[in-house]
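The paragraphs that follow lead through one protein chain, beginning with a single charged residue and its partner and then widening to the fold, the disulfides and the core. Please keep the sequence and the structure in view while reading.

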Amino acid sequence: MRSLVSSSWLQLVLVLVINPATLLVEGQNQPIPPSPGFPPCNVCSASDLTLRISNPAGIVSIPGEDPFSCSNFQLAGDNGFIEESFCPFVGPFVVNCACQSTVTSSPTVA
């Protein structure tokens, strides 16, 4: 079975991109690894782009992968580290991320 995310890329992005403290090595910023080139993937919904994670500290557990935070998973999706063919199928893995709509309704004026 193929992994949902490019494992080596995800691990690298989780270390270098997601945790800014790890970007400093001997006072030098490490370059952000290049994206493997997949289009952005909204991990909450491939069809409803208004849904985003609301629990960034939640844990995503994907069989065959180390657990990681919802914020890291969303960032990996936003930056093209999740294969396009898997994007529509990641929904069941983000239940702990509490996906919510980012659209707020305007109050009606009476």
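R52 counts as partly exposed, at 26% relative accessibility, where buried means under 20% relative accessible area, exposed over 50%, and partly exposed in between (1.4 Å probe, protein chains only). This is a predicted model, in which local features need pLDDT of at least 70 and side-chain atom pairs count only at pLDDT 80 or more, while totals for chains, interfaces and linings use all residues. Residues are numbered from 1 along each chain as its sequence is written, and side-chain values use heavy atoms, with hydrogens and water left out.

The side chain of R52 meets that of D78 in a salt bridge, at 2.7 Å from N to O; the term stands for a side-chain nitrogen of Lys or Arg within 4 Å of a carboxyl oxygen of Asp or Glu. By this rule the count comes to one salt bridge. Because R52 lies in strand β3 and D78 in helix α2, the pair ties together parts that are 26 residues apart in sequence. D78 is partly exposed, with a relative accessible area of 30%.

These two elements belong to a chain whose secondary structure comes to two helices and six strands, where helices (H or I, at least four residues) and strands (E, at least two) are DSSP runs, numbered from the N terminus. From the N terminus on, the order is α-β-β-β-β-β-α-β. Of the 110 residues in the protein chain, buried residues make up 35%. The accessible surface comes to about 6,600 Å², and 59% of it belongs to carbon and sulfur atoms; such areas come from the Shrake-Rupley method with a 1.4 Å probe, and for residues only the protein chains shown count as cover. Among contacts between residues at least 6 apart in sequence, 67% join residues at least 24 apart, a contact being heavy atoms within 4.5 Å.

The covalent cross-links can be taken next. A disulfide is a covalent bond between the sulfur atoms of two cysteines, and it is assigned here to a pair of cysteine sulfur atoms within 2.5 Å. By this rule the count comes to three disulfides, and they follow the pattern 1-4, 2-6, 3-5 when bonded cysteines are counted along the chain.

C41 and C87 form one of these links, with their sulfur atoms 2.1 Å apart, and the link is right-handed, with 95° about the S-S bond. C41 lies in the loop between β2 (28-29) and β3 (51-53), and C87 in the loop between α2 (70-78) and β6 (99-101), so the pair ties together parts that are 46 residues apart in sequence. Both ends count as buried, C41 at 1% relative accessibility and C87 at 10%.

Another disulfide joins C44 to C99, S to S 2.0 Å, and this link is left-handed, with -80° about the S-S bond. The pair links distant parts of the chain, since C44 is in the loop between β2 and β3 while C99 is in strand β6, 55 residues apart. C44 is buried, with a relative accessible area of 12%, whereas C99 counts as partly exposed at 28% relative accessibility.

C70 and C97 form a disulfide with their sulfur atoms 2.0 Å apart, and their link is left-handed, with -90° about the S-S bond. C70 sits in helix α2 and C97 in the loop between α2 and β6, 27 residues apart, and the pair thereby links distant parts of the chain. C70 is buried, with a relative accessible area of 0%, and C97 counts as buried, also at 0%.

C97 leads on to the nonpolar core, a set of buried Ala, Val, Leu, Ile, Met, Phe, Trp, Tyr and Cys residues joined through side-chain atoms within 4.5 Å. The largest such core has 14 residues, and those with the most contacts inside it are V43, I53, V60, F73, I82, V94 and C97. In soluble globular proteins, nonpolar side chains tend to be buried together. Not counting residues up to four places away in sequence, I53 touches V43, C44, C70, S71, Q74, C97, A98 and C99.

Finally, P56 lies in the loop between β3 and β4 (59-60) and is partly exposed, with a relative accessible area of 44%. Leaving aside its neighbours within four places in sequence, P56 is in contact with S69, C70 and S71. The C-alpha atoms of P56 and S71 are separated by 4.4 Å, although these residues are 15 apart along the chain.
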